[in-house]
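Dear colleague,

I am passing on the structure that we spoke about, and I would be grateful if you could look it over before reading my notes. You will find it just here.

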Amino acid sequence: MSSATVSADLTGFHQICALEAIPPLGARVVATEAGEIAVFRGDQDQLFALLDRCPHKAGPLSQGIVHGTSVTCPLHAWKIELATGCAQAPDEGCTVRFPVQLVEGLVYLSITPEHAA
Ligand code: FES
């Protein structure tokens, strides 16, 4: 599966889709054994992967509105920082983050959670 032209370490990562399959300022949901993971595409084509459950009451973050590097939950409008998975003050709480990489136009996701920031 590895390629001599790919220098990134993709050990433990799974190829999900092409970047173009995720709408700009949107998300794509991936069903995994770790749960449904929302892969977000930011305004500069940054990628972020969060468990698709708001830290408030488990709203589907993938259906929220992305603003730059944050998403507004569709249920009660908490704003979640995509890089950390944490709610912006005054709200509190974090959802689980997952590593995601963009390599040669393809999106790779790991289902091993990252630790909260
Ligand atoms: S469930 Fe997300 S803001 Fe309430």
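Below I set out what was found, going from the whole chain to one sheet within it.

Please bear in mind that this is a predicted model, in which local features need pLDDT of at least 70 and side-chain atom pairs count only at pLDDT 80 or more, whereas totals for chains, interfaces and linings use all residues. Residues are numbered from 1 along each chain as its sequence is written.

The protein chain has 0 helices and 10 strands, where helices (H or I, at least four residues) and strands (E, at least two) are DSSP runs numbered from the N terminus. The radius of gyration of the protein chain, taken over C-alpha atoms, is 14 Å, close to the 13 Å that the globule rule (2.2 Å times the number of residues to the power 0.38) gives for 117 residues, so the chain is as compact as a globular protein of that length. Its C-alpha trace spans about 45 × 25 × 25 Å along the principal axes. Of the 117 residues, 29% count as buried, a term that applies if 20 or more other C-beta atoms, placed from the backbone, lie within 10 Å of a residue's own. Taking two residues to be in contact if their C-beta atoms, placed from the backbone, lie within 7 Å, 44% of the contacts between residues at least 6 apart in sequence join residues at least 24 apart.

Turning to the sheet, 4 strands form an open sheet in the order 2-3-4-8, with antiparallel pairing; two strands pair if DSSP finds at least two bridges between them. Its edge strands are strand 2 (26-32) and strand 8 (97-98), each of which pairs on one side only.

Strand 2 and strand 3 pair in the antiparallel sense over 7 bridges, with Val29 standing opposite Ala38 in strand 3, and a hairpin joins these two strands through 2 residues. Strand 3 (residues 35-41) is also joined to strand 4 (residues 47-51), and these run antiparallel with 5 bridges; here Ile37 stands opposite Leu51, while Arg41 stands opposite Leu47. The hairpin of strand 3 and strand 4 has 5 residues between the strands, and in this hairpin Asp45 takes a positive phi near 65°. Strand 3 is itself mostly covered, with 5 of its 7 residues buried.

With best wishes

Note on methods:
Buried ≥ 20, exposed ≤ 12 C-beta atoms within 10 Å, placed from the backbone.
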